[in-house]
Amino acid sequence: MLITFEGLDYSGKSTQVQLLADRLTLQDHHVLVLREPGGTDIGEKIRKMLLDKNNDGMTEASELFLFSASRSQLIQEVVRPALDGGMVVICDRYYDSTTAYQGFGRGIPLEVINAINKYATGGLVPDVTFFLDIPIREIEKRMHSAKKNKDRMESNSIEFYERVRNGFLQIAKTESRYCVIDGLQPIDDLHELIWQHITDTLMTQK
Ligand code: TYD
């Protein structure tokens, strides 16, 4: 089973990924947690290039190809073998991030994005995708209070983030695998909603 989490930066995805992984593990599932970009030797090198603020001259096409290159490595080297071995794979971001950030955010035509996504993943579609939705003003607040140096992707404008959020909501409308969750709820409540959805999905897959 392939479960993916999507959301804007600071949406709280990583916390929910870990809580879900821990609970599935307690129930004797073999769980593998991954994050994009990265997760392989080549992918981690690509990640550094993508997030390095010195690379402010990176073209939109290079950005698209680099995210997709990292993903291709991850699918072939790690995800496919894990799924074949019966593991539950939880991925913190997957190709919907490319559609939302590079497609809706940067404005690269969606037919280009869709073709590259399909090629990079070999057509591997998640079973379930959680989108943790939070308003942009909350992202701004969280970014301020995090006080860490922003990476290249976090240095985008508010308008960019609005387009990305809108992009995720558009994708959610057309994909039945989507579960959109109000990310402003307390951490434990979010986890319970996610857990309920996963147990329902696991039941129907049996
Ligand atoms: P990361 O530090 O992993 O952020 P987060 O914890 O929010 O996932 O950085 C990944 C950044 O790259 C994030 O800003 C989203 C962006 N991104 C894309 O623009 N396209 C993609 O295909 C992926 C996977 C990520």
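Guide: Let's start with a term: on a 1 Å grid over the protein atoms alone, a pocket is an open set of points where a 1.4 Å probe fits, with protein on both sides within 12 Å along at least five of seven lines; lining residues have an atom within 4 Å of a point. This is a predicted model, where local features need pLDDT of at least 70, side-chain atom pairs count only at 80 or more, and totals for chains, interfaces and linings use all residues. Residues are numbered from 1 along each chain as its sequence is written, and side-chain values use heavy atoms, with hydrogens and water left out.

Visitor: Where does the ligand sit?

Guide: A molecule counts as sitting in a pocket if more than half of its atoms lie within 2 Å of the pocket's grid points. By that test, the ligand's home is the largest pocket.

Visitor: How many residues surround the ligand?

Guide: Being near means having a heavy atom within 4 Å of the molecule. D9, K13, R93, T98 and Q102 are the closest, and the full shell has 15 residues.

Visitor: Which helix gives the most to that shell?

Guide: Helices here are DSSP runs (H or I, at least four residues), numbered from the N terminus. α2 (41-51), α3 (60-84) and α4 (95-105) each bring at least two shell residues. With 4 residues, the one giving the most is α4.

Visitor: How many shell residues are charged?

Guide: Asp, Glu, Lys and Arg count as charged; Ala, Val, Leu, Ile, Met, Phe, Trp, Tyr, Cys and Pro as nonpolar; and the others, Gly among them, as polar. The shell has 5 nonpolar and 3 polar residues, and the charged ones number 7.

Visitor: How far is K13's polar side-chain atom from an oxygen atom of the ligand?

Guide: A polar contact is a pair of N or O atoms within 3.5 Å. R47 has a polar side-chain atom 3.1 Å from a ligand oxygen, and R71 has one at 3.0 Å. For K13, the distance is 2.9 Å.

Visitor: How many residues line the largest pocket?

Guide: D9, K13, E36, R47 and R93 lie nearest its centre, and the whole lining has 25 residues. By class, that lining splits into 8 nonpolar, 6 polar and 11 charged. α4 gives the most, 4 residues, out of a lining that totals 25.

Visitor: Which helix gives the largest share of the second largest pocket's lining?

Guide: That pocket has 15 lining residues, with Y95, T99, N114, N117 and E175 nearest its centre. Both α4 and α5 (110-121) supply at least two of them. The largest share, 5 residues, comes from α5.

Methods
A polar contact is a pair of N or O atoms within 3.5 Å; within protein, one must be able to donate a hydrogen and the other to accept it, and residues adjacent in sequence count only if both atoms are side-chain atoms.
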